[in-house]
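Let's take a walk through a protein together, one piece at a time. Have a look at the sequence and the 3D picture below, and keep them open while you read.

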Amino acid sequence: MKIQLILLCTFVFVACSTSSAKKAIASIESKNGSSASGTIVFSEEKGAVKIKATISGLGEGPVAIHLHSVGDCSSDDGKSAGGHWNPTKEDHGEWGKAPFHSGDIGNINVDPNGIGKLTLVDQHGRWSIGGTTETDIIGKSIIIHAGMDDMASQPSGAAGMRIGCAVIKKATD
Ligand SMILES: [Cu+2]
Ligand SMILES: [Zn+2]
C-alpha cells in the first residue's frame, strides 16, 4: 500500500512537471448570419488562467462575451451552447464583483474596423484548464452577443442574440 502511494505520487509529480504551461483554444463560428470570426486562447501559469481574444467581423460595440455551459455550437442561433456557465450557482453579474457567474467575462470594445480585443487574467480562482469540475473551462463554450451585457438583468445581462460561438478545447503543444 505504501509503495503504491509512493509510485502514484511520483507519477503525478512527473505528469505535472512535464506540462509547464497549460493551454486551451477556441475558434469562433459565426451565428445568426453574422460575420464574426476569430480565435481565443487560454493559458494557465502559476494557477491563474489568462484569456486572450481577437475577434473580427463585429458590429458596433461594446458586445458581450461569456462562457456558456455546453460545448456545443451546432445550432444556427448558438442556443445549443446553453446558458451562462454558473458552477457556483450565483446570480448573473459583473466579473470580479460577487455575485457573478464564472462565465461572466463582460463586454469587449469594438474598434471602427469591427475588431474587438480582450485580455483578462482570472484573479478570482474561477477558471482552470483541466482542473476541478467547478473550474475546468475545457468542454465549455464562448458566446459573443450582438449587444452589450448590462451586468444586472437576470439571467444573462440582456445581451441580445448570439453572433458567435466557440467550443473550448485543450491545446496540445
Ligand atoms: Cu452569453
Ligand atoms: Zn451570467
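Here's a rule to start with: a residue is buried if 20 or more other C-beta atoms lie within 10 Å of its own, exposed if 12 or fewer, and partly exposed in between, with the C-beta atoms placed from the backbone. Try it on Ile25, which has 17 C-beta neighbours inside 10 Å and so counts as partly exposed.

Before going on, some housekeeping. What you see is a predicted model, where local features need pLDDT of at least 70 and side-chain atom pairs count only at pLDDT 80 or more, while totals for chains, interfaces and linings use all residues. Residues are numbered from 1 along each chain as its sequence is written, and chains are lettered from A and ligands numbered from 1 in the order in which they are written.

Now for the overall plan. The protein has 1 helix and 9 strands; helices (H or I, at least four residues) and strands (E, at least two) are DSSP runs, numbered from the N terminus. Follow the sequence and you'll read the pattern α-β-β-β-β-β-β-β-β-β. Of its 173 residues, 35% count as buried. We'll also talk about contacts: two residues are in contact if their C-beta atoms, placed from the backbone, lie within 7 Å. Looking at contacts with a separation of 6 or more, 61% are between residues 24 or more positions apart.

Back to Ile25, which sits in strand E1 (residues 22-30). Its C-alpha atom is 5.7 Å from that of Ile168, although the two are 143 residues apart along the chain. Leaving out residues up to four places away in sequence, Ile25 touches Thr39, Val41, Lys169 and Ala171.

Next, find strand E4 (residues 63-68). Here 6 of the 6 residues are buried, so the strand is largely enclosed by the rest of the structure. In a regular strand the side chains alternate between the two faces of the sheet. In E4, Val63, Ile65 and Leu67 point one way, while Ala64, His66 and His68 point the other way.

Which strands does E4 pair with? Two strands pair if DSSP finds at least two bridges between them. E4 runs antiparallel to strand E5 (residues 106-108), joined by 3 bridges, and Val63 has Ile108 as its bridge partner there. E4 also pairs with E7 in the antiparallel sense over 4 bridges, with His66 standing opposite Ile143.

The loops have some details worth finding too. Pro62, in the loop between strand E3 (48-56) and E4, follows a cis peptide bond from Gly61, with omega near -5 degrees. Another cis bond joins Ala98 and Pro99, with omega about 0 degrees; Pro99 lies in the loop between E4 and E5.

Finally, go to the loop between strand E7 (141-145) and strand E8 (162-167), where you'll find Ala146. With 19 C-beta neighbours inside 10 Å, Ala146 counts as partly exposed. Its C-alpha atom is 6.2 Å from that of Arg162, 16 residues apart along the chain. Not counting residues up to four places away in sequence, Ala146 touches Gly59, Val63, Gly160, Met161 and Ile163. Met151 lies in the loop between E7 and E8 and has a positive phi of about 60 degrees, although it is not a glycine. Ala158, another residue other than glycine with a positive phi, has a value near 50 degrees.
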